[in-house]
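Subject: Handing over the structure

Hi there,

Here is the structure I promised to pass on to you. Have a look at it first, and then read on for my notes.

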Amino acid sequence: MSKKRPSTAPPSTEDRVRLSWRGRSWTYPIRLGTEGEVAVDISTLRRDTGLITLDPGFVNTGACTSDITFIDGERGILRHRGYAIEDLAEHCVFLEVAYLLILGKLPNRTEWQHFSDLMNRHSMIHEDMRDFFLNYPEHAHPMAVLSAMVVSLSSFYPEIGQDDPNEPLDITATRLLSKLRTIAAFSYKKSIGEPFVYPSHRMSYCENFLNMMFSSPVNDYWPDPVVVRALNLFLILHADHEQNCSTSVVRIVGSAGSSLYASIAAGICALWGPLHGGANQAVIEMLERILREDRGRVDKMIERAKKGDPKSRLMGFGHRIYKTYDPRARIAKDACRKLLARLGMHNDPVLEIAMELEEKALNDPYFQERHLYPNVDFYTGIAYRAMGIPTNMFTVMFAIGRLPGWIAHWMENRRDPAQKIGRPRQLYIGEPARPFVPMDQRP
Ligand code: ACO
């Protein structure tokens, strides 16, 4: 810290962090975030000192500045573009939040109408892409299909892949937002062997998705408004979460100059992992296993989770950033209970097990000492299940929800003059230089 300023003074950009090594010292500037976060800018560290930083999992590393989402993991705060997640979840539909994330403001009536028209105009996918679905085996995981289809879009709609600076951003974004929902529903229809249902201009974004999922030539389905509202809310909860694993992947792939489609396809693959978005599927599988094998008794699962084996963790619990209750989990729990009640599923045994598991874990010193609380994935799967969405589609739902966040970050990264190709360093710990051995002389 600067000698002039007392250490009790609030952090300032006048502050410097001093690093001393081998009799020399260097100072590095402090950068301040708008919410009081403090970072030391070490971008010249290696050039100055020859040192690199070692930070597995990027636990302490800020890779960029961003004005999209703010999280305070100690206080359980999540805001998008300054708006509290609680307000957005209560008052908005998913597409308004998507607009906010991508374009930086909540839409007025005229902007909303324009955005909705674009969503309708771009909801279809090229007819030739239907054939792709037909060649996947029926047991194919929808996340594999989703990722492959998104990267395939670049061959049908190359103008997006070329990142034409003259193309308005809202068209690029709406194309992808609208088509991802159609691709997701088609992949489900393919998996159950039913004909594809096309999107309709008469329906809203979420109504359309539910209709494409659940109507058929023999079933004149009309989405239940209670389910439509709940779906909007759950997609909002997924919409962005700053530099999480999949978003960092999208940013880093984009930093190489790759297209939006290629970057999002990579993000979908990252989200699929059970430690990330795949946890919502893993949670339901865990709860159903407790119901089936342990006759609904949660203690065995809790004891297993405490052994420290990464394979037997309590899925839907813990978070890199939140050291208190995840605000999204709080909203999801409340919405999930209300949804099940409105659908006449008050006594769903899986919900009961989830609530008992949560209560016991929160009262257990193992979870308390490690600040492990339910995360967003703990209750969302139960709600999706109540909506009739099959388990292997849960992470697809997360991907549909996370898409606006990925797009917003990809765009921000592209426009940030401070950004370079993402390329971490390493500390090599392998063999030192050694002479080459011809094959017949090798032991
Ligand atoms: N169950 C049991 N123990 C856990 C759990 C859990 N779910 N999560 C963390 N721990 C323990 C670890 O074993 C470790 O214990 P130790 O200090 O005795 O070694 C300690 O808590 C810290 O865990 P880390 O792995 O260092 O925490 P990290 O920040 O790297 O991981 C993660 C966060 C991946 C989310 C982790 O909590 C986890 O695996 N949770 C279960 C999977 C899950 O729900 N993922 C969804 C996350 S939200 C999202 O991506 C949308």
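How many cavities of 30 Å³ or more does the structure hold? The answer is one. Before I go further, please keep in mind that this is a predicted model.

**The cavity**

The largest cavity holds about 50 Å³ of space. If you would like to find it on your screen, select Phe133, Tyr136, Pro137, Glu138, Ala140, Pro142, Val145, Ser187, Lys190 and Ser191, which line it. Two elements give two or more residues to this lining: helix H6 (142-156) and helix H8 (169-192). Of these, H8 gives the most, with three residues. Sorted by class, the lining of the largest cavity has six nonpolar, two polar and two charged residues.

**The second largest pocket**

Next comes a pocket. The second largest one has a volume of about 310 Å³. It is lined by 13 residues, and those closest to its centre are Arg229, Leu233, Asp334, Ala335 and Lys338. Helix H2 (85-91), helix H10 (225-238) and helix H15 (327-342) are the elements that each give two or more residues to the lining. H15 gives the most here, with six residues. As for the make-up of this lining, seven residues are nonpolar and six are charged, while no polar residues occur.

**The ligand**

There is also a ligand to look at, with 20 residues around it. Which of them come nearest? They are Arg313, Leu314, Gly316, Phe317 and Arg320. By class, the shell around the ligand divides into eleven nonpolar, five polar and four charged residues.

Three side chains are worth picking out for their polar atoms:

- Arg313 has a side-chain N or O atom 2.8 Å from an oxygen atom of the ligand.
- His276 places an N or O atom of its side chain 2.9 Å from an oxygen atom of the ligand.
- Tyr366 has a polar side-chain atom 2.9 Å from a nitrogen atom of the ligand.

On its own, the ligand has 920 Å² of accessible area, and the protein covers 74% of that.

**A sheet of three strands**

Finally, please turn to the open sheet, where three strands follow the order E4-E5-E6 with antiparallel pairing. Strand E4 (69-72) and strand E6 (83-84) are the edge strands, each pairing on one side only.

E4 is joined to strand E5 (residues 77-80) by four bridges, and these two strands run antiparallel. Along this pair, Thr69 stands opposite His80 in E5, and the bridge partner of Ile71 in E5 is Leu78. The hairpin of E4 and E5 has four residues between the strands, and in it Gly76 takes a positive phi near 70 degrees.

On the other side, E5 and E6 pair over two bridges, again in the antiparallel sense. Here His80 stands opposite Tyr83 in E6, so to speak of His80 is to speak of both pairs: Thr69 is across from it in E4. The hairpin of E5 and E6 has two residues between the strands, and Arg81 there takes a positive phi near 50 degrees.

Happy exploring, and do write back with any questions.

Best wishes

Note on methods. Residues numbered from 1 in each chain as written. Predicted model: local features only at pLDDT ≥ 70, side-chain atom pairs only at ≥ 80, totals over all residues. Heavy atoms only, no water. 1 Å grid on protein atoms, 1.4 Å probe; cavity = no way out; pocket = protein on both sides within 12 Å on 5 of 7 lines; lining within 4 Å. Points joined across faces, edges and corners; volume = space filled by probe spheres on them. Nonpolar A, V, L, I, M, F, W, Y, C, P; charged D, E, K, R; others polar. Near = heavy atom within 4 Å. Polar contact = N/O pair within 3.5 Å; in protein donor to acceptor, adjacent residues only side chain to side chain. Areas by Shrake-Rupley, 256 points an atom, 1.4 Å probe, with all protein chains shown as cover. Pairing = 2+ DSSP bridges.
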